[in-house]
Amino acid sequence: MNVSPTVWLLTVAGLCVLIAVDFFIGRKPHDVSIKEAGVWTAVWVVLAALFGVGLLVFGGGGPGGEFFAGYITEKSLSVDNLFVFVLIMAKFAVPSQYQQRVLMVGVLVALVLRAGFIAAGAAIISTFSWVFYLFGAFLIWTAWKLIQDARKGGHDEEFEENKLLKSIERRFGVADRYHGTKLWIEENGRRVMTPMLVVMLAIGMTDVLFALDSIPAIYGLTQDPYIVFTANAFALMGLRQLYFLIGGLLKRLVHLSYGLSVILGFIGVKLVLHALHESGVHVPEIGIPFSLAFIVLVLAVTTATSLWAARKQDQERDGDGDRDQGREEERSPGPGV
């Protein structure tokens with residue numbers, strides 16, 4: 001699309017207002033209820049849908065379809081990223097009333113990082129068309145890595161601090177407990193970090209890795225920087241509320257990584273075909289309507305099979321528990337013995 005600087009400015013200003021409202025609402029540390037998380041998750045989804053409809057009306061079916069395909073893909077990748085957030089929260093034993101503050105900062109850092117990656121990606125694509133080969137190969141490799149991690153039960157592992165984070169902790173020192181939402185305190189005459197700041201840094205560093213996956217993925221669906229930026233922004237906004245809404249459901253989405261690997265592999269192939277087409281090779285290109293339908297279908301099947309598998313595991317666990325209880329009753333002496 002031919003987006004004027006005025007539209008860009010209004011869009012960024014509108015998103016900043018929405019982010020400010022979100023921060024204002026969640027400024028006071030508290031335990032987020034399921035009702036609160038559900039209401040605000042629905043609000044963010046509706047806002048994204050309205051924006052997509054606006055693109056359909058004023059930009060046409062192409063931009064609108066690209067936005068919805070990009071939004072759904074980025075939202076799905078964000079849900080998978082919540083697994084890592086859960087591990088980080090558990091690793092640093094973040095009190096429940098402070099978790100939303102950590103996520104608020106994490107989302108803001110992610111937005112800034114992705115804006116930088118989007119700008120860099122747009123500049124590279126406009127200069128080097130062969131970069132689509134690299135993006136496609138990277139996404140196919142990421143898809144394979146997701147499958148390998150899923151087979152190893154990667155989401156069940158404990159979060160490990162990287163060398164950079166450990167070096168920062170050694171350099172500045174870390175307090176032995178949380179001090180509300182404070183990031184720095186004076187301890188024995190020395191200014192040290194609080195665990196709150198450490199966990200925020202951990203979230204921010206993982207955001208960099210998440211952007212490396214998500215930006216090539218959405219550029220495989222659209223090369224319009226405006227659509228790439230807005231799809232990412234709407235996918236990230238509401239992620240904090242989604243964390244509390246589906247926190248218990250995350251462990252039941254046992255096949256999500258497989259579904260995402262299929263989607264990333266599909267987009268990787270789409271990018272390679274596009275690169276070949278740009279190089280003058282006559283190959284079929286995959287259109288947005290097919291891409292959108294494929295992504296939605298894979299996510300629907302993945303969610304259904306995940307919930308079915310989780311329900312089956314619960315039934316087997318309940319059955320084993322009933323059998324164990326029956327054996328205990330058989331071994332226990334009767335009354336009067």
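1. Gly65 sits in helix α3, which covers residues 61-91. This is a predicted model. Gly65 has a relative accessible area of 11%. Buried means under 20%, so Gly65 counts as buried. Leaving aside residues up to four places away in sequence, Gly65 touches Leu56, Ile288 and Leu292. Ala123 is another matter: the C-alpha atoms of Gly65 and Ala123 lie 23 Å apart, with their positions 58 residues apart in sequence.

2. Now the chain as a whole. The protein chain has eleven helices and two strands. Along the sequence, the elements run α-α-α-α-α-α-β-β-α-α-α-α-α. The C-alpha atoms fill a box of roughly 90 × 60 × 40 Å along the principal axes. The chain has 337 residues, and 42% of them count as buried. Take the contacts between residues at least 6 apart in sequence: 78% of these join residues at least 24 apart.

3. Next, the core. The largest nonpolar core holds 82 residues. Inside this core, the residues with the most contacts are Phe67, Phe85, Phe92, Val94 and Phe234. Helix α7, residues 195-219, supplies the largest share of the core, with 14 residues. In soluble globular proteins, nonpolar side chains tend to be buried together.

4. Phe67 deserves its own entry. Which residues does Phe67 touch, not counting those up to four places away in sequence? The set is Ala48, Phe51, Gly52, Leu55, Ile227, Thr230, Ala231 and Phe234. One of these, Phe234, also belongs to the group with the most contacts inside the largest core.

5. Helix packing comes next. Two packed helices are described by the angle between their axes and the distance between the axes. For helix α1 (residues 5-25) and helix α8 (residues 225-236), the angle is about 5° and the axes are 12 Å apart. Angles under 35 degrees count as roughly parallel, and α1 and α8 are therefore roughly parallel to each other. On the α1 side, the contact is made by Val7, Trp8, Thr11, Val12 and Leu15. On the α8 side, Pro225, Tyr226, Phe229, Thr230, Ala233 and Phe234 take part. By residue class, this contact has nine nonpolar, two polar and no charged residues. Thr230 and Phe234, listed here for α8, are also among the residues that Phe67 touches.

6. The two strands form a hairpin with two residues between them. Strand β1 spans residues 184-187 and strand β2 spans residues 190-193. How do β1 and β2 pair, parallel or antiparallel? The sense is antiparallel, over four bridges. Trp184 stands opposite Met193 in β2.

7. Check the backbone at Asn188. This residue is found in the loop between β1 and β2. Its phi is near 55°, a positive value in a residue other than glycine. Is Asn188 buried or exposed? The relative accessibility is 80%, so Asn188 counts as exposed.

8. Check Ala93 as well. Ala93 has a positive phi of about 50° although it is not a glycine. Ala93 lies in the loop between α3 and α4, the latter being residues 99-127. With a relative accessibility of 55%, Ala93 counts as exposed.

9. Last, Leu307. Helix α11, residues 288-331, contains Leu307. The relative accessible area of Leu307 is 35%, so this residue is partly exposed. The C-alpha atoms of Leu307 and Leu292 are separated by 23 Å, and the two residues are 15 apart along the chain. Leu292 is also one of the residues touched by Gly65, which brings the note back to helix α3.

Conventions
Residues numbered from 1 in each chain as written. Predicted model: local features only at pLDDT ≥ 70, side-chain atom pairs only at ≥ 80, totals over all residues. Heavy atoms only, no water. Axes fitted to C-alpha atoms, helices over the stretch in contact; angles between N-to-C directions. Parallel < 35°, antiparallel > 145°, perpendicular 65-115°, else oblique. Contact = heavy atoms within 4.5 Å. Nonpolar A, V, L, I, M, F, W, Y, C, P; charged D, E, K, R; others polar. Pairing = 2+ DSSP bridges. Core = buried A, V, L, I, M, F, W, Y, C linked by side-chain atoms within 4.5 Å. Buried < 20%, exposed > 50% of the residue type's maximum accessible area, 1.4 Å probe, protein only.
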